[in-house]
Amino acid sequence: MTIRLPFRLLAAVSVAALALTGCEGSGASPDASAPPTATPTAASPTASPPDASPSPAPSGTGPSSPAPPSATADPGGVPPLGSRGLQPLWPFTTLAQAEEWQRAYRSGGHQPWHLDAEHTALAFTRDYLGFTEIDRITSRRISGRDARIGVAPTGPEGGTAAVIHLVRYGAGPDAPWEVVGTDDTTFSLTTPAYGAVARSPLTAGGLITGVDESIAVQVRQPSTETPLGTSPCCTPGGGTDQPWSVTVPYSGARDAVLTVVASTGGHVATVERFTVTAVRTR
C-alpha cells in the first residue's frame with residue numbers, strides 16, 4: 001500500500017478524529033500490545049539519520065475517495081488519522097486506546113517502546129504480521145510526526161523488505177507511533193483500495209518486479225493473533241511491473257480496520273518483501 005499524500009500530520013488531533021471510522025472500543029486494549037522481540041540495536045550501520053525536511057510523497061496508487069465530512073484536513077491537505085485517507089493499522093485501533101496508553105505512560109512509564117518509531121515498526125512486522133526473520137532496521141527517516149522505517153530479514157543478502165509508514169496518534173510530544181501502511185516500489189498492493197470497505201472473499205492484487213516470486217496474502221486484525229484468512233499457497237509472479245491477483249476468503253472480522261498483507265520470498269529468506277494496505281469493515 002502506498003499513500004500519495006505528503007504526510008504532515010496535525011500537531012493536535014481534531015475532535016472529529018474521535019469518529020475513527022466508528023470503531024471506538026473495538027480491538028485489543030493498549031496493554032495487549034506486546035513489546036517488540038527485537039530492538040533497533042541490531043540496525044544496519046548504514047541506517048540514515050533523522051531527516052528534518054518534509055517527507056516526499058511515495059510512489060504508487062493512493063485512495064481515490066475523499067475524507068468523510070466529519071474528518072477535517074489541515075491547511076496542507078493531509079487528512080487526520082482515522083479518515084479514509086489515513087487508517088490506524090497497529091498497535092492501536094482507536095484514538096481512545098492511544099490516549100489510554102498516554103495516561104498510563106505519564107503515570108507510570110508504561111510500555112515506553114510506543115514512543116520509538118523503530119521499535120514500533122519491528123514489533124508490527126514480527127509480532128503482528130508474524131515475519132519473525134525480519135529483525136533489522138535498514139533506514140530511518142523521521143520528520144515531525146511522520147516516520148518511514150525500513151526493515152529487513154536477518155543476513156547480509158536480505159535487502160529492505162518494506163518501508164513502514166508511521167504517524168503519531170494523538171496530541172502532545174508523547175503521542176504514540178501508529179503504523180498506517182507501507183511505501184511500495186517493486187512490490188505493491190493496490191487492490192483493494194486503501195481505506196475501502198471490504199467483504200469476504202477479498203480480491204487482492206497489485207504489481208511485482210522479480211524472478212520466480214511466490215506471493216502469499218493474509219487478512220489480519222489487531223484483536224486476533226491468527227489471520228482471519230490466508231490465500232492458497234502460493235501465487236506465482238515475476239517480470240517487470242507485472243500484475244498479480246489472488247482471492248482470499250476470511251471470517252471473524254470484528255475490528256473496524258483490517259490489515260491486508262502480501263509477501264514474497266523463498267530465495268534468501270522466507271519473507272524478502274512485503275506490502276500492506278488498510279481496509280474497513282464498515
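This short talk covers a strand pair, a pocket and a disulfide in the structure above. Please keep in mind that what we are looking at is a predicted model.

Let me begin with the strands. Strand 3, which spans residues 162-168, runs antiparallel to strand 4, and six bridges join the two. Strand 4 itself covers residues 177-183 and is mostly covered, since seven of its seven residues are buried, that is, under 20% relative accessible area. If you would like one contact to look for on the screen, take Val163, whose bridge partner in strand 4 is Asp183.

Asp183 also takes us to the second largest pocket, which has a volume of about 150 Å³. Thirteen is the number of residues to picture around this pocket, and Asp183 is among those closest to its centre, together with Thr160, Ala161, Ala162 and Thr185. Strand 3 and strand 4 each supply at least two residues of the lining, as does strand 9, at 273-280, and it is strand 9 that gives the largest share, with three residues. Sorted by class, the lining holds five nonpolar, five polar and three charged residues.

Finally, the cysteines. The structure holds one disulfide, formed by Cys233 and Cys234, with their sulfur atoms 1.9 Å apart. The link between Cys233 and Cys234 is left-handed, with -65° about the S-S bond. How exposed is each partner? Cys233 counts as exposed because its relative accessibility is 72%, where the cut-off is over 50%, whereas Cys234, with a relative accessible area of 29%, is partly exposed.

Terms used: Residues numbered from 1 in each chain as written. Predicted model: local features only at pLDDT ≥ 70, side-chain atom pairs only at ≥ 80, totals over all residues. Heavy atoms only, no water. Buried < 20%, exposed > 50% of the residue type's maximum accessible area, 1.4 Å probe, protein only. Helix = DSSP H or I, 4+ residues; strand = E, 2+ residues; numbered from the N terminus. Pairing = 2+ DSSP bridges. 1 Å grid on protein atoms, 1.4 Å probe; cavity = no way out; pocket = protein on both sides within 12 Å on 5 of 7 lines; lining within 4 Å. Points joined across faces, edges and corners; volume = space filled by probe spheres on them. Nonpolar A, V, L, I, M, F, W, Y, C, P; charged D, E, K, R; others polar. Disulfide = S-S within 2.5 Å.
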